[in-house]
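Colleague: I'd like to learn how to read a few features of a structure. Could you walk me through them?

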Amino acid sequence: MAAAATPQWTIDAVDTGTSTLDGSMLTYTLGAGTTVRIPRVIWVLRGPTTVVVDTSVPPGARPSEFIGEVLDRTPDQEPANALNLAGLDPKDVEFVVLTHLHWDHAGNCDLFPEATVLVQDAELRYAIAPGRFFRKAFLAPSSGWGIPPYLVPNLRTVSGEHELAPGLRLVRAPGHTPGSQALVVDTQHGSFAIAGDAVCTYDNIDRDLPPGYHVDVDDCMDTLDALRGAADYLLPSHDYGVFTDGPVTQVGSAHGADRVMRA
């Protein structure tokens, strides 16, 4: 009997707002003094089930209190509205994967009360009581935020590599934060690693640079090498080059060959 084919997934990038910040926050030592515009992305995966990766900036968060960013959102970019424009009912989501627990990636978990929300155990341990420099970025209780938005009843932890479903594989991606993870997704166009802030922008790939905001630069570089070996393409978390077809873009054949990195 022939083996069953691995399900092939689709990946939609959904724009939930724009920030402006210094370029060196994305590419270590490169771009200092240059202002760049970046998207806040929620990824929607459809296949045998529906999966969301990262949940964007929480309502009421003030980015200027963290690293001097400005966040602009139109009504259509509010996460609930943006997901609706992408044709997604949050009740249909089975899994929410958080690549890490920074304020701009884990802020709207309450939109998905019926999903299982997944984070690496090492990330959750650090985020609850991080070092003083990173307290605000994690919305930690010690920052004065209160209860972090990712502490929802349906939060679960994983440890290391984990097959979420056929064609979906969680892998460790430390460096930007201690417990960052990426999701490797099989599609008809090849495998894509949704890398979180392990890959902020295509410049991290093209110029072989770690993100500018990190806890361990050596781990960042080791992760970049590992992700190149884990997937055909790497998807950055904060690069408008992803959006080749408007605020909801399906990654794949429309994704320009000059803007992807074949590992």
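Modeller: Sure, we'll take cysteines, a hairpin, some buried residues and a cavity in turn. This is a predicted model, so to speak with some caveats: local features need pLDDT of at least 70, side-chain atom pairs count only at pLDDT 80 or more, and totals for chains, interfaces and linings use all residues. Residues are numbered from 1 along each chain as its sequence is written, and side-chain values use heavy atoms, with hydrogens and water left out.

Colleague: How many disulfides does the structure hold?

Modeller: A disulfide is a covalent bond between the sulfur atoms of two cysteines. The cut-off here is a pair of cysteine sulfur atoms within 2.5 Å, and the structure holds zero of them. For Cys109, the nearest cysteine sulfur is that of Cys200, 19 Å away.

Colleague: Why is Cys220 not bonded to Cys200?

Modeller: Because its sulfur is 8.7 Å from the one in Cys200, its closest cysteine sulfur, and that is too far for a bond.

Colleague: Are Cys109 and Cys220 buried or exposed?

Modeller: Buried means under 20% relative accessible area, exposed over 50%, and partly exposed in between, using a 1.4 Å probe and protein chains only. Cys109 is buried at 1%, and Cys220 is buried at 5%.

Colleague: On to the hairpin. How do β8 and β9 run, and how many bridges join them?

Modeller: Strands are DSSP runs of E with at least two residues, helices are runs of H or I with at least four, and both are numbered from the N terminus. Two strands pair if DSSP finds at least two bridges between them. Strand β8 (residues 162–165) and strand β9 (residues 168–172) run antiparallel and are joined by three bridges. If you want a place to start looking, His162 stands opposite Leu170 in β9. Two residues lie between the strands of this hairpin, and Gly167 in the turn has a positive phi of about 90 degrees.

Colleague: Which side chain does Asp12 make a polar contact with?

Modeller: A polar contact is a pair of N or O atoms within 3.5 Å; within protein, one must be able to donate a hydrogen and the other to accept it, and residues adjacent in sequence count only if both atoms are side-chain atoms. Asp12 sits in strand β1 (residues 10–22) and is buried, with a relative accessible area of 7%. Its side chain meets that of Arg46 at 2.7 Å.

Colleague: And what about Gln77, where does it lie?

Modeller: Gln77 is in the loop between β4 (70–72) and α2 (79–85), and it is buried at 14%. The side chains of Gln77 and Asp15 make a polar contact of 3.5 Å.

Colleague: What does Ile42 touch?

Modeller: Contact means heavy atoms within 4.5 Å. Ile42 belongs to strand β2 (residues 35–46) and is buried, with a relative accessible area of 1%. Not counting residues up to four places away in sequence, Ile42 touches several residues, including Asp12, Val14, Val53, Pro79 and Leu83. Ile42 and Pro79 are 37 residues apart along the chain, with 8.2 Å between their C-alpha atoms.

Colleague: Last one: which residues line the second largest cavity?

Modeller: Rolling a probe the size of a water molecule over the atoms shows where empty space is left. A cavity is a set of points, on a 1 Å grid over the protein atoms alone, where a 1.4 Å probe fits but cannot get out; lining residues have an atom within 4 Å of a point. Grid points are joined across faces, edges and corners, and a volume is the space filled by probe spheres set on the points. The structure holds three cavities of 30 Å³ or more, and the second largest has about 40 Å³ of space. Its lining is Trp9, Thr10, Ile11, Thr187, Gln188, His189, Gln250 and Val251. The elements giving two or more residues to that lining are β1 and β13 (248–251).

Conventions. 1 Å grid on protein atoms, 1.4 Å probe; cavity = no way out; pocket = protein on both sides within 12 Å on 5 of 7 lines; lining within 4 Å.
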